[in-house]
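Visitor: Could you take me through one part of this structure up close? I would like to look at a patch on the surface and then at what else the model offers.

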Amino acid sequence: MNNLMSFVENKVMPPMMKVSNQRHLSAIRDGLIATIPITVIGSIFLLIPYIPWPQSYVDFMGNNPDLVSKLILPFNMSMGLLSIYSSFGIGSRLAQSYDMDSLAGGISAIFTFFMTLSFTVTDEGSFISTKYLGGEGMFTSILTAILAVEVMRLCKKYNIGIRLPEQVPSNVSSSFEVLIPVFFSMTIVWLVTHVLGFNVNELIADIITPLLSVSSNSIAAPMIYVLLTCLMWIFGIHPQILATVMLPIWLLNSEANMAAAQAGTAIPNIGVQPFIFTFLWIGGGGGTLALCGLMCFSKSKFLKKLGRLSIVPGFFNINEPLLFGLPIVLNPALAIPFVLAPVICTFTTYFAFTTGIVPGMGYPLAAVWTVPSVFAGVIATASIRGALLVIFNFLIYLVIYYPFFKTYERKMVQQELGEESTN
């Protein structure tokens, strides 16, 4: 065990830490996280008209289509335009990381992204198709945001830009400074898309489709995610980098699920965030709410006190007090159940959704990770069976953690008795 820990700590974790602090990935993570308020609000408004019970409520909504269309407007304005918001957020954060004007970075990113689109001219006027303004254009918006800001950085590095006299107000001069970089990034995308006829959005969609298929319909993606997350936590490293990689895919799958829920068709994807954060991370990474509950009734004074202090945060899926206070980090005694229990629950959750025992997650973005899992399960699936799956997985965690916890408890009790006898 010591050799394994030494190998992971010295060979595996340093490159993962380097990746987790990578500038572009951090900007993508922060830019997408910034969209959470609008996606949550939009998904809640989508949920309201399609709550499947009671029947009188369902009939009322069915008889008032105008009301329904008004209620889902926030959803269309949030998820339907998600790539625009993401582009601005990523461009702004990346520019900020280079100590450049974040506002200019965000504006340049949006402009560059828009250059991948085209106007459709009709008798009624000119229109931009919304096809790639939502989740389907997410990866294009990420790439164009990075391109726009990197061009700004290179122009700044080589002093390429328009410099105005010092007497000119700073907000005006800064706008002119980025005029040439914005022109360069826009021109690059314009040439590729509209002169060479290279459809960037379609190409990226074709490349991403196999990855989305795996994340949506295979157990491989959640299993790898769970194993890596648990391993990183055991060595005290926050696994935010994994969420950064998966978040664009989760968002794209979530949009498809909510569109299916709105249309009343089958929910296509299980590769959405609540699969992990609602049904597996019950109490936080590693599903530690069950362990916290055992601690509340421990014979060890320390474990009982820590458990009762941690139970409320744990109910809202915040478990750092246990990870670092118990600790679970670098603790071989609890590392096995910390990995084993989530792996087993990954299988049970996957089986529940693929067999239809639990209905699909049609409202995944409404189930924010800080919402207690038993409630988030109902919200994500619009079914009480979502809560029953959470309870079932919680019982699995309880059974697996119990023998390891009792062993650790005996050690702690003996240690406390030894300290008392010494005093």
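Guide: Here is a walk that starts at the surface patch and moves on to a helix pair and a single asparagine. Please keep in mind that this is a predicted model.

Let's begin with the patch, which is nonpolar and lies on the surface. Its members are Trp190, Leu191, Val195, Leu196, Phe198, Leu203 and Ile207, and together they have about 680 Å² of accessible area. Two helices, H11 (179-195) and H12 (200-217), each supply at least two of these residues. The most comes from H11, which gives 3 residues to the patch. Leucine 191 is a good one to zoom in on, and you will find this residue in helix H11. Leucine 191 counts as partly exposed because its relative accessibility is 37%, and partly exposed covers the range between under 20% for buried and over 50% for exposed.

Next, a helix pair. Helix H9 (residues 138-157) packs with helix H14 (residues 240-263) at an angle of about 145°, and their axes are 10 Å apart. On the H9 side the contact is made by Met138, Phe139 and Ile142, and on the H14 side by Pro248, Ile249, Leu251 and Leu252. Sorted by type, the residues of this contact are 7 nonpolar, no polar and no charged.

Finally, asparagine 171 sits in helix H10 (residues 170-177). With a relative accessibility of 53%, asparagine 171 counts as exposed. Its C-alpha atom is separated by 10.0 Å from that of aspartate 101, although the two residues are 70 residues apart along the chain.

Key: Residues numbered from 1 in each chain as written. Predicted model: local features only at pLDDT ≥ 70, side-chain atom pairs only at ≥ 80, totals over all residues. Heavy atoms only, no water. Axes fitted to C-alpha atoms, helices over the stretch in contact; angles between N-to-C directions. Helix = DSSP H or I, 4+ residues; strand = E, 2+ residues; numbered from the N terminus. Contact = heavy atoms within 4.5 Å. Nonpolar A, V, L, I, M, F, W, Y, C, P; charged D, E, K, R; others polar. Patch = residues over 30% accessible without salt bridge, like charges linked within 9 Å, V, L, I, M, F, W, Y side chains within 5 Å. Areas by Shrake-Rupley, 256 points an atom, 1.4 Å probe, with all protein chains shown as cover. Salt bridge = Lys/Arg side-chain N within 4 Å of Asp/Glu carboxyl O. Buried < 20%, exposed > 50% of the residue type's maximum accessible area, 1.4 Å probe, protein only.
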